[in-house]
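This report describes selected sites and one sheet of the structure shown below.

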Amino acid sequence: MLIALDSQNHYVQADLIKEKNIKGSLFCPGCRQPVYLKRGKIKIPHFSHYQASDCFLFSEGETLEHLAGKQMLSQWFTQQEIPCMLEAYLPKLKQRPDLLIWLDQKIPVAIEFQCSFISEANMIKRTQSYQKAGYKVIWILGKRFKLKRKLTAQQRLFLYYHKNLNYHIFFLDTNHQKLHIFYHLIQFERNELLKSRNYQVSLTNKKITLKTIINHFETLTYQPYVESEIAQTKELLKNHQFLMRALRNSQSKLIDFQRVLYQAHHHLLFLPIELHLPIEQSVIIQMQNCQWKYQVVRWLSKKGENQVFTSREYVQNMMTQLLFYPTPLITKKIQQKELIRYLYFLETQQIIHQIAHHQWVVLKKLVFFNSEEEKLMELTKNTD
Ligand SMILES: [Zn+2]
């Protein structure tokens, strides 16, 4: 911990305290047991309990990464004159965020620098406890959460949504003193391959403040990763190969889906191309994309041509069939937005048409192919 209480009940910060000024004992703000100052050449100054303690707020063995990250962020905010408290204990919540800052006077923001594993249940509990008490919470991840080819279940818990950044996630690299915001997170259907863009902030560069970052994000617009038609066709073909391999793998999640399709006299490899589009897909839906989109198309074809439906009835129906990943920082509204987004896509394909705000009409059915050859012909017709 970086903050302790002195004998006069004042908070003292480990990196600012002078040993000769310590009069009497220092105490842990959580359990009120005595603590001592630890200083070393490579260690960051911090306080530690005397014996193996059963302190409910501070476990011993806090990593250098965690101590350094808290201190870096605290300095960064303080230098911008953003009110900031390190390790402030919130008795009502029985929680102690790593930092507490105020971007305006009304809404306090709890910042958690997460460096170690946290169970899903625990993360959700802590997030909701902040939110219920009127705090915003920003989770910033440490090096063990570094993004790789796919999003892991742990990383996914910390996804945020913003209209310009879309899905994004915060990282702090304490070795290089850099904050990374990975944004525009999407994945491809095949193998859930992850794509993202990276915005880096050097915490030592005094010119870059939180304000400049926020201003920058206001100007961001989404640029697709796969832009040209040729690139899109290539991606669709790779996707087709992925589905072919999936059928040969008895462990694949798609085998059950193929059984459902078979019952309806359909086949995984004969699905309409619109079920694999858009190529860039949502990271919050816990289902193969062609699978949930198939449910949409089934629902639409049951409605029938020229029939009108509302966004509301569509969303209500689909929410009962779709599975979302646990993403505690993303609201239900954003989940629903994903479903509506697909309606707008289907409109570009002239399958449906929006006739009024939240009202749509079914124009035509999607075409299922009769064979794999037929589908491959359609997929490759523009590539020659
Ligand atoms: Zn304690």
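C55 has a relative accessibility of 11% and therefore counts as buried, the limit being under 20%. The model is a predicted one.

**Zinc site**

C55 binds the zinc ion through SG, and the other protein donors are C28 (SG), C31 (SG) and H49 (NE2). These donors lie 2.1 to 2.3 Å from the zinc ion. Along the sequence the donor residues follow the spacing C-x2-C-x17-H-x5-C. The angles subtended by the 4 donor atoms run from 99 to 116 degrees, so the arrangement is tetrahedral. For four tetrahedral donors the ideal angle is 109.5 degrees. H49 is buried, at a relative accessible area of 3%.

**Burial values**

The table lists relative accessibility for four residues discussed in this report.

| Residue | Relative accessibility | Class |
|---|---|---|
| C55 | 11% | buried |
| H49 | 3% | buried |
| S74 | 7% | buried |
| F309 | 0% | buried |

**S74**

S74 belongs to helix 1, which spans residues 64–79. Apart from neighbours within four places in sequence, S74 contacts Q13, C84, L86 and L99. Its relative accessible area of 7% is under the 20% limit, so S74 is classed as buried.

**The sheet and its helices**

Strands 14, 16 and 15 form, in the order 14-16-15, an open sheet of 3 strands with antiparallel pairing. Strand 14 and strand 15 (352–356) are the edge strands, each paired on one side only. From one strand to the next, the twist averages 35 degrees. Strand 15 and strand 16 (residues 359–362) run antiparallel and are joined by 4 bridges. Opposite A356 stands Q359 of strand 16.

Helix 7 (residues 289–303) packs on this sheet and touches strand 14, strand 15 and strand 16. The direction of helix 7 makes about 135 degrees with that of strand 14. Helix 9 (residues 332–348) also lies across strand 14, strand 15 and strand 16, and runs at about 110 degrees to strand 15.

**F309**

Where in the sheet is F309 found? F309 is in strand 14, residues 308–310. With 0% relative accessibility, F309 is buried. Not counting residues up to four places away in sequence, F309 touches W299, L300, K303, Y314, L343, I352, H358, Q359, W360 and V362. Between F309 and K41 there are 68 Å in space, C-alpha to C-alpha, and the two are 268 residues apart in sequence.

Technical notes: Residues are numbered from 1 along each chain as its sequence is written. This is a predicted model: local features need pLDDT of at least 70, side-chain atom pairs count only at pLDDT 80 or more; totals for chains, interfaces and linings use all residues. Side-chain values use heavy atoms; hydrogens and water are left out. Helices (H or I, at least four residues) and strands (E, at least two) are DSSP runs, numbered from the N terminus. Buried means under 20% relative accessible area, exposed over 50%, partly exposed in between (1.4 Å probe, protein chains only). Contact means heavy atoms within 4.5 Å. Two strands pair if DSSP finds at least two bridges between them. Axes are lines fitted to C-alpha atoms, for helices over the stretch in contact, and angles run from 0 to 180 degrees between N-to-C directions. Donors are N, O and S atoms within 2.8 Å of the metal (3.2 Å for Na, K and Ca); water is not among the atoms, so sites may look incomplete. Four donors count as tetrahedral if all angles lie between 85 and 135 degrees; four count as square planar and six as octahedral if opposite donors are over 155 degrees apart and all others between 65 and 115; anything else is irregular.
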